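Hi,

Here is the structure I promised to send over. Have a look at it first, and then read my notes below.

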Amino acid sequence: LYFKWWTKISSRAADQLITISKSTKDDLVRIFRIPEEKVEVVHLAVEPAYKKFTSEGGDDVISKYGIQKKFILYVGHLKPHKNVQSLIKAYHDLPESIRKEYQLVLGARKNLLYSQLAQQVQELGIMNDVIFTDYIPEVELPRLYNAASLFVLPSLYEGFGLPVLEAMACGTPVITSHISSLPEVAGDAAVYIDPHSVDEISQAMVRVLTDGNLKQNLVDKGLERASNFSIEKMGARFHEILIHC
C-alpha cells in the first residue's frame, strides 16, 4: 500500500514520466489517473552479447547445469505472476516421446517459492526432466539461449519482457503470453498462448518442436524483431524526450 501511495504521489508530482512499454504507460494512466501526455515510452534494448553464435561452443555451460538433452528454456523469476507452475504442468503434459527428447530448464534464482515448485515437479514424477539452475551469471545466458531448442515465457504480467528479445536475438524460437506488454515486444515473431491455459501452453510447445517450418520462421522473424530494440535506438529516444522537456 505504501509503495502504491508513493508511486501515485511521485508520479503526479513529476513533470515527465518515462516507461518501458506502452502497456505500462496505459497502466499508469488508468490506475493513477496520470495525464497521458505526461508519459513517454522508451523500450528497453538487447545487449550486444545476446546474439546468434555462428560456431558451436558452450558445452561447459550446458554441463555445469546438468543439462543432458535438448531443452526448453525459461529465464526469469519464480514469482507467482511468472506462471512457472503452469509451465511445469504443461511440460508434464507433453507427449512422452517429446519429454524423452527434451528437458525443461528453469533459469531462475531459487527463492521462497522454489520448494513449492520443486514439490510440484516431484509429485508429477518429472524430477529427472526438470532443472532448476538457480542464479545464472550474465555471461552464461547467451550460451544457454543459443543452445535452447525453445524459449517459453508464460507470464501473467510483464512490464516489458526482455528475456523474449534476448532469446530472439540468440536465434531461439519463442512462445509467450498474449497479454500485458508481451505482444508489444514480440510482435509477429512469437507463438502466443493464453497463460491461464495449461493445455494451450503444452500444445504450442508441441507445435514448435515438431514443425520445422514454423520453428525456422520464428527464428528468422525473431532475429529481425530483436534487431529493432538496440541500445542506439533507446539512447536516441531518451535524447529526443529530454530535449523537449
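What follows is a short run through the salt bridges and one proline. Keep in mind that this is a predicted model.

Salt bridges first: the structure holds twelve of them. The one I'd open first joins Arg-237 to Glu-40, with the closest N and O atoms 2.8 Å apart. That pair ties together distant parts of the chain, since Arg-237 sits in helix 12 (residues 231-243) and Glu-40 in strand 2 (residues 39-41), 197 residues apart. Arg-237 is partly exposed at 25% relative accessibility, and Glu-40 is partly exposed at 25% too. Glu-240 comes in as well: Glu-40, Arg-237 and Glu-240 are linked in a network of salt bridges.

Asp-27 and Arg-30 also form a salt bridge, with 3.0 Å between the closest N and O atoms. Both belong to helix 2 (residues 22-32), and because they are three residues apart there, about one helical turn separates them. Asp-27 has a relative accessible area of 16%, so it counts as buried, the cut-off being under 20%.

Then there is Asp-93 with Lys-89, whose closest N and O atoms are 2.9 Å apart. Asp-93 is partly exposed at 35% relative accessibility, and Lys-89 is partly exposed at 31%.

Now the proline. Pro-142 lies in helix 7 (residues 141-147) and is buried, at 4% relative accessibility. Setting aside neighbours within four places in sequence, Pro-142 is in contact with Ala-49, Tyr-50, Phe-53 and Cys-170. Its C-alpha is 8.1 Å from that of Ala-167, 25 residues away in sequence.

Cheers

Notes. Residues are numbered from 1 along each chain as its sequence is written. This is a predicted model: local features need pLDDT of at least 70, side-chain atom pairs count only at pLDDT 80 or more; totals for chains, interfaces and linings use all residues. Side-chain values use heavy atoms; hydrogens and water are left out. Helices (H or I, at least four residues) and strands (E, at least two) are DSSP runs, numbered from the N terminus. Buried means under 20% relative accessible area, exposed over 50%, partly exposed in between (1.4 Å probe, protein chains only). Contact means heavy atoms within 4.5 Å. A salt bridge is a side-chain nitrogen of Lys or Arg within 4 Å of a carboxyl oxygen of Asp or Glu.
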